[in-house]
Amino acid sequence: MLRLEFPPYIHPPSVPHSRKTPLCLGRIPVPDRQSTATHCPYCALQCGTHLRHSDGVTTVQPSDFPTNQGGLCTKGWTAPSLLDTASRLRSPLVRGPDGELAPSDWDTALDVVSDRIARIRDEHGPDAVGVFGGGGLTNEKAYLLGKFARVALGTSQIDYNGRFCMSSAAVAGTAAFGVDRGLPFPVTDLGQAETILLAGANPAETMPPLMRHLSRAKLIVIDPRRTRTAESAALHLQPVPGTDLALALGLLHLTVTEGLLDKDYLAERTTGFEDAWERALSWWPERVERVTGVPVAEQREAVHMLGAAERAYVLTGRGAEQHSKGTDTVAAFIDLALALGLPGREGSGYGCLTGQSNGQGGRELGQKADQLPGYRSITDPEARARIAEVWGVAPEALPGPGRSAYELFDALGTAGGPRALLVFDSNPAVSAPRSDRVTERLASLDLLVVADFVPSETAQLADVVLPVTQWAEEEGTMTNLEGRVLRRRRLLSPPPEVRSDLDILHGLAVRLGEPGHRFPTEPREVFAELRRATMGGKADYSGITYDRLDAGEALHWPCPLLPESRAPHPGTPRLFLDRFAHPDGRARFAAVDHRAPAETTDDAYPLYATTGRVLAQYQTGAQTRRVPELNEAVPEPFVEIHPDTAERAGLRHDDRAAVISARGRTVARVRLDGSLRTDTVFLPFHFPGDGRANLITNTVLDPQSKMPEFKVCAVRIEPISEPA
Amino acid sequence: MSDILIIGDGPAAHRLVERLRHHGHQDAVTVLGREPGPTHSGAPPLPFSGHSSPYQHGFPEGTRVRRGVTATRIDRARRLVHTDDGTAHGYDTLVLATGARPRVPDIPGVLTAEGRLHASVFTPRSLAARECRPAGSVAVLGAGAGGVEAALALRRAGREVALVDAASHPMKDRLDDAAGRLLAGILHDEGVETHLGHVAVAFEPGKLVLDGGRVLAADVLLLCTDAAPETGLAHGAGLSVDCGVLIDDEMRTDDPRIRAIGGCARHQEGGGETAYSLPQAWDQADTLALLLTGGRPHYRVAAPITRSRTPGVDVLSLGPPSALDHAAELVTLSDPSRRRYAKLALHDHKLTAAMVIGLPKAIASLVQLYDRGVSVPSDRLALLLGTSSVGSGTVELPDDAVVCNCNNVTKRSLAQAWHQGAREVAELAEATRATTGCGTCADAVRRICGVLEKASGEGDAS
């Protein structure tokens with residue numbers, strides 16, 4: 001049974017306010033100090049900000065931090081209003097026998113959770129309890145959550161929403177370079193580039209201040225849509241959704257046939273070119289044109305723009321990565337970068353634009369199904385021994401790899417699947433593909449626990465909701481898209497009945513029989529343990545301390561702890577300058593070939609749907625839909641469609657339409673856009689209920705990264721009548 | 001056990017073997033190749049581009065390759081193929097991938113007394129020709145798509161090139177007179193000497209003699225005449241053959257144990273054309289590899305598309321040119337001074353045929369619209385010009401136009417802030433947050449400041 005009702009008292013009417021209205025409504029947060037330097041809570045650019053509190057009002061100003069250089073987008077400017085948003089969760093909620101969520105005290109709530117976990121675990125074994133984390137958790141929280149799952153719960157069933165984000169790039173990057181760090185160079189290096197290829201990235205909307213670093217370079221943008229980023233590009237390549245891999249192979253082909261191959265670099269720094277070339281040679285430009293729709297002349301122009309540049313970058317985003325062949329697509333773009341001799345050269349390179357605020361830290365500190373802290377593999381005996389030692393448990397007590405995100409959701413409540421799930425910092429009822437199925441699975445659980453600071457769509461399904469602190473109310477560290485570790489600092493005390501995720505993990509662990517010292521509640525203490533756990537790993541944080549960060553040092557991992565007799569390690573802003581992280585020091589080409597998306601168009605579903613983001617909303621919108629200024633900008637789901645396609649479907653601008661795939665149907669407002677391909681429609685995925693774009697998306701997974709195919713599925717579009 | 005014997009070692013054969021291995025075929029695969037050395041395996045490089053070497057790839061490990069052997073007879077009863085070196089090869093499945101052979105024109109001097117091509121006469125398939133050897137002037141015989149491509153590539157490689165064809169314009173079978181004249185003009189601009197409406201009557205190294213007596217410098221003669229499917233073996237074995245070996249959706253000939261792919265084969269529904277093209281040969285090889293390894297692929301006869309491969313010279317022909325003569329809707333564009341031309345035949349908004357020169361964006365779109373049978377956009381001219389149908393930005397922004405996207409600041413908000421005293425970009429940023437996101441609207445904000453200042457100055461003056 002679906003349980004979507006939510007008690008009325010957590011939905012007080014929202015109070016509209018204009019731009020200059022004090023953003024603090026209702027309760028006045030208690031400041032711990034007058035101001036602090038911290039970072040924006042949203043994306044992985046982690047813009048530097050000054051937070052100030054005076055006369056009961058919290059305000060934000062961008063700082064001159066290198067990633068944002070004084071810039072801030074509308075999400076960042078309005079972030080303080082989240083702190084006291086009217087629907088903020090302010091006490092634990094437990095669903096009573098009447099099926100309603102009702103306020104509770106913390107002891108009761110935690111007792112309910114731990115008792116039910118213990119019972120489920122006794123009856124069905126430790127894997128009957130699952131954990132789902134998020135890329136917005138601080139490093140400390142992500143680390144402790146992974147430890148909690150493996151040690152306190154003893155479950156292998158933990159994964160996180162970064163699986164839906166950059167996991168394809170992570171697999172391809174690790175295979176090519178031996179290590180995955182989103183940008184293996186400081187973001188400011190981009191400012192000196194002559195040419196930058198953006199494959200499936202729209203930073204003008206998703207990460208606006210990044211554009212400050214892209215203003216000098218000539219941009220080549222690969223995107224089926226004419227996005228704001230594409231509009232600012234010197235060259236926009238507009239392929240059919242799901243054909244980026246063919247395009248990447250075609251660009252590699254032309255790099256060779258146009259004589260732009262960096263043969264010295266290939267010989268000195270790489271292996272595997274021959275096998276990769278054997279695949280790419282069958283992607284001559286006219287064949288690529290036929291498959292992708294990108295004119296041959298534009299393919300040529302792209303490789304010449306890259307080849308002629310002294311400093312050039314290839315960057316990938318979700319558009320290239322969120323496919324059932326996302327790993328191979330990224331691998332092909334890395335092959336292209338390698339063929340041009342870019343990676344590991346100062347002023348050039350390949351990078352992935354990580355999305356979530358702590359997407360980087362989140363993926364390397366142990367909340368991923370197959371990983372232990374320090375970017376260690378959970379199947380590597382040496383890594384297991386090392387982490388078991390830090391955690392004070394036997395290596396064999398550590399569980400093995402668990403299910404990936406969608407596989408986990410799909411198994412919930414089924415025979416052999418988890419019967420309980422703890423969700424931290426994530427809203428899978430909106431973000432997971434085929435989200436009605438996921439909602440149904442979540443509702444079938446014996447126990448769903450959600451820790452969040454707003455009543456997200458997933459929280460509304462929960463048996464127990466635990467209210468947690470937000471960015472300006474907590475200390476910790478985040479790792480941004482360039483692998484730089486940053487301090488998140490506290491300005492305000494949280495509301496009285498709100499606790500940190502660390503407190504919750506401690507409280508549950510103790511109730512489950514763990515010694516309390518294993519789960520510290522002080523971020524600084526957790527970080528000290530995290531440093532030991534990552535020591536010697538690929539993502540080595542052991543030389544980083546709060547004191548060094550507070551002193552203003554720019555520390556990018558790896559930053560190993562050096563003996564006290566030596567000066568501290570300065571961190572590694574640029575990876576691979578001397579060698580790649582494979583034992584032989586060489587980067588590896590990947591031999592990959594194009595294949596069609598899992599679903600192609602036919603008479604019943606004649607259009608491709610692709611999903612993505614808008615500037616004013618973030619992720620599932622659980623936060624940004626509660627910021628009036630943001631929500632007014634894009635208040636409801638929409639579908640972008642070419643005027644001809646709309647006309648054929650009997651649709652006009654502003655009509656409501658149903659977009660239907662083989663899996664489901666979503667409802668959206670029609671927006672005509674003559675720059676779109678006639679065979680493609682676009683839907684943002686930030687909206688709840690019957691406007692969830694993920695009601696139609698395809699659950700087919702990339703075999704390597706387990707990334708779902710968010711970016712392409714076959715649909716049809718139909719008018720629906722306006723409710724009277 | 002399922003031993004596969006393939007006759008022919010061109011691209012279709014290479015692709016088939018590679019795909020068989022990819023799908024896990026374990027049993028023996030034997031290839032009989034007529035050429036003594038390795039052949040080119042896959043992607044067709046531009047002829048004479050100097051980039052031919054990467055295209056030579058061996059067959060995957062474990063493939064038995066017999067080179068310099070010609071299959072002479074198929075014994076279907078015993079499932080044996082006899083060859084000219086006296087050996088016989090058994091098979092469970094036989095695949096004919098014998099390709100097509102250029103028709104050699106009956107011109108004195110082209111063939112030796114033994115019936116071989118003269119040492120100075122080449123076909124574009126031979127690797128030597130692709131690598132631009134030997135040096136000297138070249139006469140290209142045949143101004144079809146292949147001949148035009150070869151002539152341009154050779155010319156760009158610095159050779160003296162003469163292109164000869166009996167037709168009145170190049171690509172006569174694919175282009176109408178107007179388009180053909182444009183293409184002839186392009187060839188002329190590139191320095192290719194064209195001799196159209198003429199036939200060659202004699203060749204000897206150094207010169208080619210045309211009808212009417214004209215003598216062209218020709219150290220090399222390149223035969224780009226059309227190709228005839230190699231069907232002799234199939235015919236001899238009693239299989240159905242018309243202009244190619246007839247096959248069904250599973251590449252089967254009359255004999256279920258014998259399949260045929262690539263240039264020697266013709267699908268029953270192929271519409272009377274062999275339309276040999278590499279993508280089609282590969283499609284067939286891919287389909288067959290799946291079938292032979294237990295898959296159940298769905299094969300669709302691909303639409304015949306002729307698209308030039310010379311960089312900067314974009315020529316496209318789709319569908320039967322005759323469809324252009326009686327089209328329900330005909331869209332035409334002629335711009336001879338910029339060498340642009342398009343003619344589209346539409347039926348019920350779908351493309352049935354097209355010929356296009358010099359509109360590369362349109363070509364990319366048209367190929368896809370035709371391939372997938374999708375309706376063409378209503379703005380036909382925008383389609384041809386490769387622009388979207390949205391209008392260009394207005395000079396005068398309306399008041400509710402968003403100037404700063406990152407912070408959703410309209411022109412109206414900026415004007416209000418300006419009138420309240422924020423006169424510089426920094427002050428406007430402070431008041432409205434415009435320019436504080438990606439920063440790219442700073443110029444626009446500055447311009448609006450200027451306009452407001454000017455307007456207020458005029459206001460003061462009045």
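**Exercise 1. How much area do chain B and chain A bury between them, and what percentage of it lies on carbon and sulfur atoms?**

Before we start, a note on the model: it is predicted, so local features need pLDDT of at least 70 and side-chain atom pairs count only at pLDDT 80 or more, while totals for chains, interfaces and linings use all residues. Residues are numbered from 1 along each chain as its sequence is written, chains are lettered from A in the order in which they are written, and side-chain values use heavy atoms, with hydrogens and water left out.

*Solution.* Step 1: buried area is the accessible area (1.4 Å probe) that two parts lose on being put together, summed over both. For chain B and chain A this comes to about 4000 Å², with 49% on carbon and sulfur atoms.

Step 2: count the residues in contact (heavy atoms within 4.5 Å). Chain B gives 48 and chain A gives 53.

**Exercise 2. Describe the polar side of this interface, then the elements of chain B that build it.**

*Solution.* Step 1: look for salt bridges (a side-chain nitrogen of Lys or Arg within 4 Å of a carboxyl oxygen of Asp or Glu). The rule finds 7 between chain B and chain A. B:R307 and A:E289 form a salt bridge, at 2.5 Å from N to O.

Step 2: go to the helices (H or I, at least four residues) and strands (E, at least two), which are DSSP runs numbered from the N terminus. At least two residues each come from α1 (11–22), α6 (278–292), β21 (305–307), α7 (360–372) and α10 (425–432) of chain B. The largest share, 8 residues, belongs to α7(B).

**Exercise 3. Now work inside chain A: characterise the contact of domain 2 with domain 3.**

*Solution.* Step 1: fix the bounds, which come from an automatic or database domain assignment. Chain A splits into domain 1 (93–164 + 358–556), domain 2 (167–353) and domain 3 (607–719).

Step 2: take the centres over C-alpha atoms; those of domain 2 and domain 3 of chain A are 26 Å apart. Their contact uses 27 residues of domain 2 and 23 residues of domain 3.

Step 3: work out the area. Domain 2 and domain 3 of chain A bury about 2100 Å², and carbon and sulfur atoms give 56% of this. On the domain 2 side, A:R225, A:Q322 and A:S324 supply 32% of the area buried against domain 3, more than any other three residues.

Step 4: find the charged pair. The rule gives 1 salt bridge across this interface; A:R225 pairs with A:E640 in a salt bridge, the closest N and O atoms lying 3.5 Å apart.
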